[in-house]
Amino acid sequence: MVAAAMLAVGAPKPAKAANIFWDANGAAVGTGGAGTWLNAGSPSWVNAGAATSITGTDPAIDYAFTANDIGYFTGEGAEVTLGENITVGG
């Protein structure tokens, strides 16, 4: 009975991608900016979910990318330094 119930549920659906924007100045007006990208400890990302832009005033967070996420570098042009080996997309 349990096996039949598990088959009815089916396989889990893959996670949907999120649109993640680099925003080193955090909640200050504007997007982009210079900074160092680390796998952990660089609160410079804004998760826009399915949106394709950000306001530039959202608080930035420390974000761990998944294989389906899309990273955007928009706004103020500046140097983003890779502080360690970064793997995106698996």
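Biologist: Which residues make up the largest nonpolar core?

Modeller: In this predicted model, that core has 7 residues: Ala18, Ile20, Trp22, Trp37, Trp45, Tyr63 and Phe65. Apart from it lies another core, of 5 residues, including Phe21, Val46, Ile54 and Ala60.

Biologist: What makes a set of residues count as a nonpolar core?

Modeller: Its members must be buried residues of the nonpolar kinds, joined through side-chain atoms within 4.5 Å.

Biologist: Let's take one member, then. Why is Trp37 called buried?

Modeller: Buried means under 20% relative accessible area. Trp37 has 11%, so the residue is called buried.

Biologist: Where does Trp37 lie, and which residues is Trp37 in contact with?

Modeller: Trp37 lies in strand β2. Leaving aside neighbours within four places in sequence, Trp37 is in contact with Trp22, Ser42, Trp45, Phe65, Phe73, Val80, Thr81, Leu82, Gly83, Glu84, Ile86 and Val88.

Biologist: There are several rings in that list. How many aromatic pairs does the structure hold?

Modeller: The structure holds 9 aromatic pairs. For Trp37 and Trp45, the ring centres are 4.9 Å apart and the planes stand at 65°.

Biologist: Why is the pair of Trp37 and Trp45 called edge-to-face?

Modeller: Two cut-offs decide that: centres within 6.5 Å make a pair, and planes over 60 degrees apart make it edge-to-face. The values for Trp37 and Trp45 are 4.9 Å and 65°, so both conditions are met. Both residues are buried, too.

Biologist: And why is the pair of Trp37 and Phe65 called tilted?

Modeller: Here the centres are 5.8 Å apart and the planes are at 45°. Stacked would need under 30 degrees and edge-to-face over 60, so 45° leaves this pair as tilted. Trp37 and Phe65 are both buried.

Biologist: How do you know that this pair links distant parts of the chain?

Modeller: Trp37 is in strand β2, while Phe65 is in the loop between β3 (45-47) and β4 (70-72), and the two are 28 residues apart. Ring pairs also link Trp22, Trp37, Trp45, Tyr63, Phe65 and Phe73 into a cluster.

Biologist: What about a charged residue: why is Asp23 called buried?

Modeller: Asp23 has a relative accessible area of 0%, and the limit is under 20%, so Asp23 is buried. Asp23 lies in the loop between β1 (19-22) and β2 (35-37).

Biologist: Which residues does Asp23 touch?

Modeller: Not counting residues up to four places away in sequence, Asp23 touches Gly30, Thr31, Gly32, Ser44, Val46, Ile54, Gly56, Asp58 and Ala60. Val46, Ile54 and Ala60 are also among the members of the second core.

Biologist: Stepping back, what does the whole chain look like in terms of elements and burial?

Modeller: The protein chain has 1 helix and 5 strands, in the order α-β-β-β-β-β from the N terminus. Of its 90 residues, 24% count as buried. Among contacts between residues at least 6 apart in sequence, 65% join residues at least 24 apart.

Biologist: Last one: what is the average pLDDT, and where is the pLDDT below 50?

Modeller: The chain averages a pLDDT of 82, and 80% of the residues score at least 70. Over residues 4-8 the pLDDT is below 50, and this stretch has 0 contacts in the model beyond near neighbours in sequence. Where pLDDT is low, the predicted coordinates should not be read in detail.

Conventions. Residues numbered from 1 in each chain as written. Heavy atoms only, no water. Buried < 20%, exposed > 50% of the residue type's maximum accessible area, 1.4 Å probe, protein only. pLDDT = per-residue confidence, 0-100. Contact = heavy atoms within 4.5 Å. Helix = DSSP H or I, 4+ residues; strand = E, 2+ residues; numbered from the N terminus. Phe/Tyr/Trp six-rings, centres within 6.5 Å; stacked < 30°, edge-to-face > 60°.
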